[in-house]
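Please look through the sequence and the model below, and then follow the chain from one region to the next as the paragraphs explain how its parts fit together.

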Amino acid sequence: MSLATATPATAPEQSVAAGVRSALESVFDAVATTRADTTALLAKVAAQGRRPATVDLAALRPGLHLRLARHELVSGVGFVAAPGLLSDVPAWLEWWQSTSDGGIRPLLLDLDPEHSAYADYTHWDWFALPRDTGERAVAGPYVDYLCSDEYSLTLSAPVLVEGRFAGVAAADVYLRHFEAAVMPMLHRLPGPARLVNARGRVAASTDPRHLVGSLSKGPDFAEALAAGRAGFAQGARLVPCDGVPLVLVVAEG
């Protein structure tokens with residue numbers, strides 16, 4: 001459903017949108033740096049006239065470890081290869097995550113399609129959305145069974161080499177950490193409000209009718225993000241969050 005009416009955001013709504021952007025842009029900074037490092041690495045390997053292998057991706061590790069240490073919201077970070085990219089394995093995640101005792105560890109999954117425990121990641125939104133749209137994405141919240149078993153958001157962006165999709169750079173944020181950053185802002189609004197991604201998945205909410213993790217149906221939130229301006233549809237105001245792929249939805253009184 002298209003946006004019915006374009007209306008300017010109120011000052012409090014603009015403040016929340018800017019605050020959400022500020023919180024998530026720091027995570028997208030980690031994603032962007034990982035993407036840049038990976039793109040440069042894959043281009044270097046291509047210039048040698050060969051396909052990359054898992055041993056090449058080990059060169060990304062110092063940077064990934066640094067990002068985990070420096071970015072307060074980031075609980076996991078890495079590069080997820082498109083199936084068929086690497087010469088020695090069918091699929092691969094060069095992925096590192098923080099542990100409860102302050103350490104870091106790699107994520108090791110069974111990525112052999114011939115095995116019953118095969119972890120096919122290609123259907124997950126954090127992989128599929130950047131692959132299909134070429135844009136940054138916020139996926140979730142969802143229970144991250146692949147990594148932490150925590151309710152999480154994943155921010156991701158496509159990695160391209162010579163114009164071809166090679167995989168995604170991504171970072172995880174525990175939902176409890178994201179809510180701690182944005183809920184005080186939502187509570188300052190005069191009415192119920194929520195943050196949703198392009199598919200309408202609720203990432204944070206002060207509206208008891210729309211719980212975190214549920215899907216908001218009706219308005220076209222992807223269109224609201226593409227429009228980049230506030231609008232009104234189905235009794236709610238939709239305010240894109242200043243460049244990050246989330247929409248602030250404020251119920252009209």
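In this predicted model, A236 of strand β11 has A251 as its bridge partner in β12. That pair belongs to a ladder of six bridges, over which β11 and strand β12, residues 244–251, pair in the antiparallel sense. Between these two strands the hairpin has two residues, and D242 takes a positive phi near 50° there. β11 is also joined to β10, with three bridges between the two antiparallel strands, and in this pairing F232 has R237 of β11 as its bridge partner.

The hairpin of β10 and β11 likewise has two residues between its strands, and here Q234 takes a positive phi near 50°. Q234 lies in the loop between β10, residues 231–233, and β11, residues 236–241. Because its relative accessible area is 46%, Q234 counts as partly exposed. Are the residues of β11 itself mostly covered or mostly open? Six of the six residues of β11 are buried, so to speak of the strand as mostly covered is justified. This holds for both faces, since A236, L238 and P240 are buried on one side, while R237, V239 and C241 are buried on the other.

We can now turn to the sheet. Six strands form an open sheet in the order β4-β3-β2-β7-β6-β5, and their pairing is antiparallel. The edge strands are β4, residues 104–106, and β5, each of which pairs on one side only. On average, neighbouring strands of this sheet are turned by 20° against each other, if direction is ignored. Within the sheet, strand β2, residues 74–81, and strand β3, residues 93–98, run antiparallel and are joined by five bridges, and one example is G78, whose bridge partner in β3 is W95. Helix α4, residues 125–133, packs on the sheet and touches β2, β5, β6 and β7, with its direction making about 140° with that of β7. Helix α5, for its part, lies across β5, β6 and β7 and runs at about 70° to β7.

Two details of the backbone belong to this part of the chain. In strand β5, residues 137–143, we find P141, and the peptide bond that leads from G140 to P141 is cis, with omega near 10°. The other detail is E162, a residue other than glycine whose phi is nevertheless positive, near 55°. E162 is found in the loop between β6, residues 151–161, and β7, residues 164–174. Is E162 buried or exposed? Its relative accessibility is 65%, and because a value over 50% counts as exposed, E162 is placed in that class.

Next, consider how helix α5 meets another helix. The axes of helix α1, residues 11–47, and helix α5, residues 175–187, come within 9 Å and cross at roughly 170°, and therefore α1 is roughly antiparallel to α5. The contact is made by V16, G19, V20, A23 and L24 of α1 together with F178, A181, V182, M185 and L186 of α5. Of the residues in this contact of α1 with α5, nine are nonpolar and one is polar, while none is charged.

Some of these residues reappear in the interior. The largest nonpolar core has 50 residues, and those with the most contacts inside it are V20, L155, F178, L186, L195 and L248. The largest share of this core, 10 residues, comes from α1. Which residues does L155 touch, if those up to four places away in sequence are not counted? They are L24, V27, F28, V31, A137, V138, A169, A170, A171 and V173. There is also a second, separate core of 15 residues, and W126, F127, Y142 and A170 are among them.

Finally, L73 gives a view of a single residue in its surroundings. L73 is found in the loop between α3, residues 61–70, and β2. Its relative accessibility is 14%, and because buried means under 20%, L73 counts as buried. Leaving aside neighbours within four places in sequence, L73 is in contact with A23, V27, D172, V173, Y174, H177 and F178. By comparison with T33, which stands 40 residues apart from L73 along the chain, the C-alpha atoms of the two residues are separated by 16 Å.

Definitions and conventions:
Residues numbered from 1 in each chain as written. Predicted model: local features only at pLDDT ≥ 70, side-chain atom pairs only at ≥ 80, totals over all residues. Heavy atoms only, no water. Helix = DSSP H or I, 4+ residues; strand = E, 2+ residues; numbered from the N terminus. Buried < 20%, exposed > 50% of the residue type's maximum accessible area, 1.4 Å probe, protein only. Axes fitted to C-alpha atoms, helices over the stretch in contact; angles between N-to-C directions. Parallel < 35°, antiparallel > 145°, perpendicular 65-115°, else oblique. Contact = heavy atoms within 4.5 Å. Nonpolar A, V, L, I, M, F, W, Y, C, P; charged D, E, K, R; others polar. Pairing = 2+ DSSP bridges. Core = buried A, V, L, I, M, F, W, Y, C linked by side-chain atoms within 4.5 Å.
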